[in-house]
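Reader: I'd like to learn how to read charged pairs and domain contacts in a model. Could you walk me through it?

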Amino acid sequence: MWCQVRLTGTKYGCGIGGCGACTVMISTYNADSKKIRHYPANSCLLPLCSLYGAAVTTVEGVGTTTTKLHPIQQRLAKCHGSQCGFCTPGMVMSMYSLLRNHPEPSMEQIAAALDGKPAFSPSLFGSCLSSLCKPEEFHPRDPTQDYIFPPELIRMAEENKGRTLVFHGERTTWISPVSLEELLDLKATYPDAPLVVGNTSIGLDMKLLGIWHPVLLHPVRIPELHVVTMRENGIVIGAATHLAQLRDILLSLVPELPAEKTKIYRTLLKQLRTLAGEQIRSLASLGGHIVSRGSVWDLNPVLAAGNAVLNLASIDGTRQIPLNDEFLTKVPEADLSPMEVIVSVFIPFSQDDEFISAFRQAERRKNAWSVTNSAMKVLFQPGTDVIEDLAIFYGGISGTTVSAKNSCLKLIGRYDRVKVLKLSSFQYPFQYPDLPKEYMSALSEFQEKPPQGMQIYQDVNPHQPPQDPVGRPIMHESGIKHTTGEAVYVDDIAPADGQLYMAVVTSTRAHAKILSIDVSKALEEPGVVAVVSAHDIPGENGDEHEKVLAEDEVIFIGDIICGIVAETYECAKNARSKVKIEYQDLEVILTIEEAIEHNSFLTKEKKIEKGNVEEAFQTVDEILEGEIHVGGQEHFYLETNSVFVIPRKEDGEMDIYVSTQDATVVQELVASALNVPANRITCHTRRVGGAFGGKSTKPKFFATAAAVAAHKTGCPVRFILERDDDMLITGGRHPLWGKYKPTHHSHTFQFGCFVFCFVLNYVLLKCPNAYDIQNFRCRGRACKTKLPSNTSFRGFGFPQAGLSAETWIVAVAEQLGLPHDQVREMNMYKTVTQTPYKEEIDPRNLVVCWEECLEKSNYYRRRQAAEEFNKQNYWKKKGIAIIPMKYAAGFTKKPSNQAFALVHIYLDGSVLVSHGGSEMGQGLYTKMLQVASHELKIPLSYIHNYERTTATIPNAFKTAASIGTEVNGKAVQNACQILWKRLEPIMEENPDGKWEDWIKEAYEESISLTATGYFEGYPTYMDWEKGEGHPLAYYIFATACSEVEIDCLTGDHKNIRTDIVIDAGFSINPAIDIGQIEGGFIQGLGLYTMEEIKFSPEGQQYTLGPDTYKIPAVCDVPEHFRIYLLPNSRNPVAIYSSKSMAEAGVFLGSSVFFAIRDAVAAARKERGLNCNFTLDSPLNIERIRMACADQFTEMVKTFP
């Protein structure tokens, strides 16, 4: 559909069903039941053959701007539920599929439909309840707008009811039998052929592991595999039943049966609520889940503990085997034979004195593989507390699900109900009033509630003209197109004639010499046109920091060595394995500690200093010392790095369509590599599907590689990185290792840090956060390792430095025995003073934010309530923290802050605005329209944004450092003011005229209707030798208060509430600014509590996709999320007295980190442990669990 019909709304995000960007709705007709089923599905996992006879609805089939919008699309856009928009069509399709099945869904069903979706825009849930949108303007749902199931597909299903479907591919044959007998014959003929129902397991094996199957069997049309039969002792469920169907079956069954019979069913429902996302649940089958026997599969331990039985069949007959530990560990005598299939699963009723419970713990509560899971069933002798039978199963601790058989055997026959309950958290605590109080809190589980949002901002002056949009919550200019899939990204551009595709070969060594590269076998592959290497670059191979294509040496795993150019992407990708490279390994440095040991640094030491630190240290009795490690973070933008290069036929010209924050450096590097003037290279960026800094420096290398391929072949080249390649090559946020040395008596602090280069400047400048320390020194160095080079990331050093600052504030507070908030308030900037780099700062709004947040969050009352809760609960603890922030916006050098604009007025009165900023979801284009509308005093509908292109705006600096709106806005403002001044005489002569009349008259009088706007930039500078300057444009002040609850036994936590008060100046667009604050906070939440990049000892990155790297999802948004924009605030530096909000919210996520620490401290204090401890980031489940030290953690062996 993407290639042939040009339905580009469905996006390719990860390729393994983990992000939801490619969600479509599948509708199928069952010829036996005569029913139609609608369900969401990840199109990246759907084999084309499986869709025979199905109707596929993409986002274009829901509503478009040329037909009629669906209410989902209208609400999502007008409630500001999209930002970059790349994943928005997937959101729409998830909700649309839900409405087709449940026209009036519950909040629980809505939350389930969005399970695991990225939480980049938390306003999705909350903004409908605020003044950010007007629900009265929404249209009701019109069922007649929905497409009916095509009658021809019904006829096809009826006609093919008894017909076997066979599809022959180049390497694989797909067979869809219609009867169980036929399936068994096929299995006898092809015993190694797997059965594929949802393709969620086999498909991943084929994609990720390269496993190939010559024959695939698709048994979804066999009635016996879909049976649902009630027996007197249980139910029989067909093996092809999808997990979403299983959930619905159990939900309808449980209320109809006595409670004592449904304990296993309720336990299965509990696991199903968190297992995968709705798309995977709608595809995956019960039989596939069982037979694949993944160690972290959540249903298998429950089924094994509940004595489930598998009904098998083959051409030799039928038999039953228990789903037990021997089956799960694949003991041959208890396993299926190659010719057998699972027909159905018998799940017995529970007994009166039988109890079953299950547990899972994952890096993210929903749509994440379990780190560990378990299930336990205990049966007591009737009327006694004597254990008659006991089964305990664990997953995630070895390659398969295992049984704690020996422990169970020792406990059977014992009279010890309490001891059994200590082993597992049961669902029925009310039945055990005699259970010791300290264990009761272990039995309760976190109760999830859909998040609710509140956004408070200051409305515009009532005297402001209604058509003046500045200060109003205007919808994102592409919001509607985001929801309809009509917003065009790089890979949505139609193929050009003769287009080729490129895939790259990357280094498998962290540091090595390249001895030889043999591409001969790759060139022999059908469809391969060329192999591009460094020798094909006619000009410069990269810049002073990095090469486009490795020549003699590779410096990290993922370093690009060459590119395969072919007629199809699949051909290019498959040919990569044919390239043979010989290496000679060199010394490898992977960590900050190793870099220090080997004196491997990128820069000399830098420092900032205030007061006399050495003298102050001599006058105190006690000096604290500690250290903190802050891990890196993946950008995980939904649109991977994407380039489409089209060479022109003359003068060496070339068009580069690229997803980038910095088109200028792309133009420069491509021109340098091709050895042509920059005026021959034109870069185009209409919009970027998320960037967060990750598309600042890296896209120029990808664009240059593709341009060299286009130069060599003379053909257009499309180069779209796969998710794993993007994560492997591009690097992420810089890790930080900091050592601090504070003393509380003389208000003295010393901090030393090591990070991975340019980010070091910002770490040093921002490391004190909001604290005015009399004697302060911060020193740092940038380390050089053999990992992928890290790059810009939202906040650029401050999230790491700020966390370090809050860590040493906590250390001092604990040493003094004072509340953390008191020590924070004591040390905060309060009056006009100087920073350590001798810049004047007026922190009065910082104090106001602090005081307002204390009040609006009810901090002191809730802290008291948390303390009371902690007294009553031994295994559950609540924590609350309030964190101030002083964030500085902009670049440290004036030229980096300059901006350019070009504004045209056409004779019909319409206006075209061009500027040097890239739209990445931050609402830059929307705000530029607001600026132009305000300055020209015309409606927004008259104005259109042109794409970012180097043809109209040359030499523009990257869109980054939070100042894209204000610098480009200043340039647009300048251009519009020039035009307005030209038009003024005409308007004065004809004050009653219309805009169109004035424009025509201006043309007749030969007045130019084109103007160039320019902003020279903020006068920032920094003298590192003197340690002083005005390095940043202005300050953004904020305070965040967060409350959490942790489970001391598991390390899990729940985000209860977050209140943010932030000084946004006069917001040009409160809706966009609030969305940026929310999105930044959620990204910070991921940085500090969840996201962790993992490498092997050889430098191979393990976390290369959404299966192994988890970003926050909808389930991680605080249950109550409240944003308050500080009223009556002004910023004399920026346009319209505004402030940038794009990056400021990231650090505020640290309030959750320190709330968790507060809860951990409560647990440690109750256990008599030291509360002056340091926690590294990310504070994930393992670190939380181990910090809550107890008798269980003492059993854990730790390894260096």
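Author: Sure, and let's start with a cut-off: a residue is buried under 20% relative accessible area, exposed over 50%, and partly exposed in between. Bear in mind that this is a predicted model.

Reader: Okay, so where does Asp543 fall, buried or exposed?

Author: In between: Asp543 has a relative accessible area of 23%, so Asp543 is partly exposed. Lys700, at 14%, counts as buried.

Reader: What do the side chains of Lys700 and Asp543 form?

Author: The general idea goes like this: side chains of opposite charge can pair when their charged atoms come close. Here the side chains of Lys700 and Asp543 meet in a salt bridge, 2.8 Å from N to O. Lys700 lies in helix H23 and Asp543 in the loop between strands S19 and S20, so the pair ties together parts that are 157 residues apart in sequence.

Reader: How many salt bridges does a search of the whole structure find?

Author: The search finds 54. Another one joins Glu639 and Lys695, with the closest N and O atoms 3.1 Å apart. That pair links distant parts of the chain, 56 residues apart: Glu639 is in the loop between strands S24 and S25, and Lys695 in the loop between strand S27 and H23.

Reader: And is Glu639 buried or exposed?

Author: Glu639 counts as buried, at 2% relative accessibility. Its partner Lys695 is buried too, at 0%.

Reader: Now for the domains. Which ones does the assignment give?

Author: The chain gets domain 1 (2-117 + 128-159), domain 2 (226-428) and domain 3 (894-1019). For a pair of domains, I'd look at contacts, buried area and charged pairs in turn. In this case 18 residues of domain 1 are in contact with 14 residues of domain 2. The area buried between domain 1 and domain 2 is about 1200 Å², with 48% of that from carbon and sulfur atoms.

Reader: Which three residues supply the most of the area that domain 1 buries against domain 2?

Author: Arg37, Pro40 and Asp115, which supply 42% of that area.

Reader: How many salt bridges cross the interface of domain 1 and domain 2?

Author: The rule finds three across that interface. Asp115 also turns up in a salt bridge with Lys366, at 3.2 Å from N to O. As for polar contacts, the count between domain 1 and domain 2 is seven residue pairs. On the side of domain 1 that touches domain 2, strand S2 gives the largest share, five residues.

Note on methods: Residues numbered from 1 in each chain as written. Predicted model: local features only at pLDDT ≥ 70, side-chain atom pairs only at ≥ 80, totals over all residues. Heavy atoms only, no water. Domains from an automatic or database assignment. Contact = heavy atoms within 4.5 Å. Buried area = accessible area lost by both parts, 1.4 Å probe. Salt bridge = Lys/Arg side-chain N within 4 Å of Asp/Glu carboxyl O. Polar contact = N/O pair within 3.5 Å; in protein donor to acceptor, adjacent residues only side chain to side chain. Helix = DSSP H or I, 4+ residues; strand = E, 2+ residues; numbered from the N terminus. Buried < 20%, exposed > 50% of the residue type's maximum accessible area, 1.4 Å probe, protein only.
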